Amino acid sequence: ADQEGVEMTTRRSRTAEQKEYYGDKVFRTYRSWTDMRSRCNNRNHDYYKYYGGRGITVCPRWDSFKNFLVDMGIRPESLTLERIDNNGNYEPRNCKWATRAEQSLNKRNVRILSLGNDRLHIRGWAKRLGIDPAALRYRLKQWPLEQALSLQPIPGVSLLRRKQNKL
């Protein structure tokens, strides 16, 4: 237990020293860089299976934090590092700083629906139609795609309420 306490204290001290050396804004960027590299390179990282284990790599240029900082700039507060193509590698043309909300839509399990030239996720279509995402999911189970994505709601009538009343 003593050894573990010493190790944790040393890690905290190192982190505090790095933060003081780099400054808060650059340190935030540095943490994004180290986290990215760990997810891809450290087999013991909790999320390695979702990154390095899937073949996601970090470009050799970003082995250097300086190069990463030049390419990405300082990480804005409340944004995180996102790969534009979720199946692509970490490299300058495939990364940007994004909000958590943006990132939640760039996941493998997000369903993209296409109608004509429009491609949106369920929340995007629901917002465009002025209905709740749950109502759109219900429509998609019951109706053809074109009908589900094109019919405007009838004011004051909820598909979910009608369904619950029938139960």
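Strand S3 (residues 112–115) and strand S4 (residues 118–121) run antiparallel to one another and are paired over four bridges, in what is a predicted model. The two strands make a hairpin with two residues between them, and Gly-116 in that turn has a positive phi of about 65 degrees. Across the pairing, Leu-115 stands opposite Asp-118 in S4.

Asp-118 also takes part in a salt bridge with Arg-128, in which the closest N and O atoms are 2.8 Å apart. Because Asp-118 belongs to strand S4 and Arg-128 to helix H5, this pair ties together parts that are 10 residues apart in sequence. Arg-128 has a further role in the geometry, as it lies over the face of Trp-125 at 5.1 Å from the ring centre. Helix H5 (residues 122–129) holds the buried residues Ile-122, Gly-124, Trp-125, Ala-126 and Leu-129, and the buried residues of H5 pack against S3, S4, helix H6 (133–142) and helix H7 (145–150). Just after H5, Gly-130 has a positive phi of about 75 degrees.

The salt bridges number five in the whole structure, and three of them are set out here, including the one already described.

| Salt bridge | Closest N and O atoms |
|---|---|
| Arg-37 and Asp-63 | 3.1 Å |
| Asp-71 and Arg-61 | 2.7 Å |
| Asp-118 and Arg-128 | 2.8 Å |

Arg-37 lies in helix H2 and Asp-63 in the loop between H2 and H3, so their salt bridge ties together parts that are 26 residues apart in sequence. Arg-37 is partly exposed, with a relative accessible area of 23%, and Asp-63 counts as partly exposed at 48%. Asp-71 in helix H3 is joined to Arg-61 in the loop between H2 and H3, so that parts 10 residues apart in sequence are tied together.

Turning to the aromatic rings, there are nine aromatic pairs. The ring centres of Tyr-51 and Tyr-90 are 6.4 Å apart and their planes are at 25 degrees, which is why the pair is stacked, the angle being under 30 degrees. Tyr-51 is in the loop between helix H2 (24–41) and helix H3 (65–72), while Tyr-90 is in the loop between strand S1 (80–83) and strand S2 (95–98), so the pair ties together parts that are 39 residues apart in sequence. Tyr-90 is buried, with a relative accessible area of 2%, and Arg-39 lies over the face of Tyr-51 at 5.0 Å from the ring centre.

Trp-62 and Phe-68 form an edge-to-face pair, at 4.8 Å centre to centre and with 85 degrees between the planes, and both residues are buried. Ring pairs link these two with Phe-27, Tyr-30, Trp-33, Phe-65 and Trp-97 into a cluster.

Note on methods
Residues are numbered from 1 along each chain as its sequence is written. This is a predicted model: local features need pLDDT of at least 70, side-chain atom pairs count only at pLDDT 80 or more; totals for chains, interfaces and linings use all residues. Side-chain values use heavy atoms; hydrogens and water are left out. Rings of Phe, Tyr and Trp (its six-membered ring) pair if their centres lie within 6.5 Å; planes under 30 degrees apart count as stacked, over 60 as edge-to-face and the rest as tilted. Buried means under 20% relative accessible area, exposed over 50%, partly exposed in between (1.4 Å probe, protein chains only). A charge sits over a ring if NZ of Lys or CZ of Arg is within 6 Å of the ring centre and within 35 degrees of the ring normal. Two strands pair if DSSP finds at least two bridges between them. Contact means heavy atoms within 4.5 Å. A salt bridge is a side-chain nitrogen of Lys or Arg within 4 Å of a carboxyl oxygen of Asp or Glu.
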